[in-house]
Amino acid sequence: MMKVLGRNNSVNVIKVLWCATELGLEFERTDIGGSFGGNDQADYLAKNPMGRVPTVEIDGNILWESQAIVRYLAAKYGMGSLMPEDLGERAKTDLWMDWYTAHLHPSMTTIFWGLVRTPEADRDKDAINAAKVEAGKMWALLDKHLADRNFVGGSDLTVGDIPAGAAAFRYYTLVDDRPAMPHLDRWYASLGERNAYKTHAMNPLS
């Protein structure tokens, strides 16, 4: 059985748990990181030298970096569904995973840490507001992409939806003054109808 080391309120752990549940995989999860600690211990660092979460043990492999884990799980257990078989289609979904990391994640991290993990008296409101604007620009790109498709990769959910999807709950929960994005709204609503997404992504933020 797959072992997932990492707390379930980490957006990176959420990606892995959501993906695994979509694939029908069983797993055991152990709270590591954040208030639980443990990610700075020698035994954990021997598995994941970055000391971050998640770390996954599966099929005799020890894997870290959430999107590498998602790709592995989808390629092994979801080829033709979460992972497109056609290399061109796979690349088109894969690029949105990298887009999330490079262009959306930084502003979403500022928003999340500023509004959830920082006491109100200590918040940098200018940085938070600037991040909201930048995040809105990035989400608008995805909204445009979704104008003629149900999901990032086309008609069905793929790995391309998972990173941005994991962050979408945070965006819709924390940012009230969002630009009008009907295609993104539709996509997010469709994610919210999936049991795996509701179970792992739509939990109180902490």
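Author: Rings of Phe, Tyr and Trp (its six-membered ring) pair if their centres lie within 6.5 Å; planes under 30 degrees apart count as stacked, over 60 as edge-to-face and the rest as tilted. By this rule the structure holds six aromatic pairs.

Author: The model is predicted, so local features need pLDDT of at least 70 and side-chain atom pairs pLDDT 80 or more, while totals for chains, interfaces and linings use all residues. Residues are numbered from 1 along each chain as its sequence is written, and side-chain values use heavy atoms, without hydrogens and water.

Reader: Why is the pair of W96 and W99 called edge-to-face?

Author: The ring centres of W96 and W99 are 4.9 Å apart, which is within 6.5 Å, and their planes stand at 70°, which is over 60; the pair is therefore edge-to-face.

Reader: How are W96 and W99 placed in helix α4?

Author: They are three residues apart in helix α4 (residues 87-117), so about one helical turn separates them. Helices here are DSSP runs of H or I with at least four residues, and strands are runs of E with at least two, numbered from the N terminus.

Reader: Is W96 buried or exposed, and what decides it?

Author: Buried means under 20% relative accessible area, exposed over 50%, and partly exposed in between (1.4 Å probe, protein chains only). W96 has 12% and is therefore buried; W99, with 10%, is buried too.

Reader: What makes the pair of W139 and Y171 stacked?

Author: The centres of W139 and Y171 lie 5.2 Å apart and their planes differ by 25°, which is under 30 degrees, so the pair is stacked. This pair links distant parts of the chain, with W139 in helix α5 (residues 125-145) and Y171 in helix α6 (residues 162-174), 32 residues apart. W139 is buried, at 0% relative accessible area, and Y171 is buried with a value of 0%. Ring pairs also join W139 and Y171 with W18, Y172, Y188 and Y197 in a cluster.

Reader: How do you know that R117 sits over the ring of W113?

Author: A charge sits over a ring if NZ of Lys or CZ of Arg is within 6 Å of the ring centre and within 35 degrees of the ring normal. The charged end of R117 is 5.0 Å from the centre of the W113 ring and sits over it. R170 likewise lies over the face of F112, at 3.8 Å from the ring centre.

Reader: Why are strands β1 and β2 said to pair?

Author: Two strands pair if DSSP finds at least two bridges between them. Strand β1 (residues 2-5) and strand β2 (residues 27-30) have four bridges in the parallel sense, and they therefore pair. The bridge partner of K3 is E28 in β2.
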